[in-house]
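Hi everyone, thanks for making time for this. I'd like to walk you through one structure today, so please have the sequence and the 3D view open.

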Amino acid sequence: MINRSVLIGRLTKDPEVNISKKGNRERAVARFTIAYNHRYRKGEEWIEEPHFFDVKVFGNLARVVGERYHKGDMVFVEGRLSQDRWETEEGQRRSRITIVADTVRLIRAKGETVTVEDANGKGGEEEEDVDI
């Protein structure tokens, strides 16, 4: 079976990092959400439909993500899907899908200026925010 997910999106807020201790060992866990807009055409109108994905990262990568990545940054995330299941106090069953990432890379910091060549390989003028 294959369980791999690859996404590119923007951080919806700064990552939250928690460090737990077990004996002499520390374990860092970073949690964050990325968003991307699915764009499609309906008749003559373009529709943008936002999608949000929860991501969890462990170890040294969690520390790096917590220190260097911020709300609005565009990131590349690769990892596996994980499903958490629980039952509420009222007896209702709940579940949530999270991406457990082993790779997180900064594509572009929020507000960073790129050239059109960077975005589509044709070169030329600068733009403030080019969707990639």
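Let's start at Thr12, which is partly exposed, because its relative accessible area is 29%, and buried would need under 20%. Before I go further, please keep in mind that this is a predicted model.

So where does Thr12 sit? You'll find Thr12 in the loop that joins S1 and S2. Now look across to His70: in sequence Thr12 and His70 are 58 residues apart, yet their C-alpha atoms are 8.6 Å apart in space. If we set aside neighbours within four places in sequence, Thr12 contacts Thr33, Ile34, Ala35, Phe52 and Lys71.

Let me zoom out for a moment. The protein chain has two helices and eight strands, and along the sequence they run β-β-β-β-α-β-β-β-α-β. There are 132 residues in the protein chain, and 28% of them are buried. Among contacts with a separation of 6 or more, 54% are between residues 24 or more positions apart. As for the outside, the accessible surface of the protein chain is about 9,800 Å², with 44% of that belonging to carbon and sulfur atoms.

Now the strand pairing. S2, residues 16–22, pairs with S3 in the antiparallel sense, over seven bridges. One of the bridge partners to look for is Arg25 in S3, which goes with Lys22. The hairpin of S2 and S3 has two residues between the strands, and Gly23 there takes a positive phi near 70 degrees.

S1 and S5 are antiparallel too, with six bridges, and here Gly9 has Val75 in S5 as its bridge partner. S5 goes on to pair with S6, again in the antiparallel sense, over 14 bridges. Asp84 has its bridge partner in S6, namely Arg96. In that hairpin of S5 and S6 there are five residues between the strands, and Gly91 takes a positive phi near 90 degrees.

Let's go inside. The largest nonpolar core has 16 residues, and those touching the most other members are Phe32, Ile34, Val55, Val57, Val75, Val77 and Val104. Which elements give two or more residues to this core? They are S1 (5–11), S3, S4, helix H1 (59–68), S5 (74–87) and S6 (93–108). S3 supplies the largest share, four residues.

Phe32 is a good residue to click on here. Phe32 lies in S3 and counts as buried, because its relative accessible area is 4%. Leaving out neighbours within four places in sequence, Phe32 is in contact with Leu11, Pro15, Phe53, Asp54, Val55, Val57, Val65, Val77 and Val104. His70 comes up again as well: Phe32 and His70 are 38 residues apart along the chain, with 9.8 Å between their C-alpha atoms.

Val75, which we met as the bridge partner of Gly9, has a list of contacts of its own. Beyond four places in sequence, Val75 touches Leu7, Ile8, Gly9, Leu11, Ile34, Tyr69, Val104, Arg105, Leu106 and Ile107.

On to the rings. The structure holds one aromatic pair. The partners are Tyr36 and Phe53, which are stacked, with 6.1 Å from centre to centre and 15 degrees between the planes. This pair links distant parts of the chain: Tyr36 is in S3 (residues 25–42) and Phe53 is in S4 (residues 45–58), 17 residues apart. Are these two residues buried, exposed or partly exposed? Tyr36 is partly exposed, because its relative accessibility is 33%, and Phe53 is also partly exposed, because its relative accessible area is 28%.

There is another ring to show you, that of Trp46. The charged end of Arg39 sits over this ring, 4.6 Å from the ring centre.

My last stop is Glu49, which is in S4. With a relative accessible area of 32%, Glu49 counts as partly exposed. Glu49 and Asn37 are twelve residues apart in sequence, and 5.3 Å separates their C-alpha atoms. Outside four places in sequence, the contacts of Glu49 are Tyr36, Asn37, His38 and Tyr40. So Tyr36 turns up twice, stacked with Phe53 and in contact with Glu49.

That's my tour, thanks for listening!

Terms used. Residues are numbered from 1 along each chain as its sequence is written. This is a predicted model: local features need pLDDT of at least 70, side-chain atom pairs count only at pLDDT 80 or more; totals for chains, interfaces and linings use all residues. Side-chain values use heavy atoms; hydrogens and water are left out. Rings of Phe, Tyr and Trp (its six-membered ring) pair if their centres lie within 6.5 Å; planes under 30 degrees apart count as stacked, over 60 as edge-to-face and the rest as tilted. Buried means under 20% relative accessible area, exposed over 50%, partly exposed in between (1.4 Å probe, protein chains only). A charge sits over a ring if NZ of Lys or CZ of Arg is within 6 Å of the ring centre and within 35 degrees of the ring normal. A nonpolar core is a set of buried Ala, Val, Leu, Ile, Met, Phe, Trp, Tyr and Cys residues joined through side-chain atoms within 4.5 Å. Contact means heavy atoms within 4.5 Å. Accessible areas come from the Shrake-Rupley method with a 1.4 Å probe; for residues, only the protein chains shown count as cover. Two strands pair if DSSP finds at least two bridges between them.
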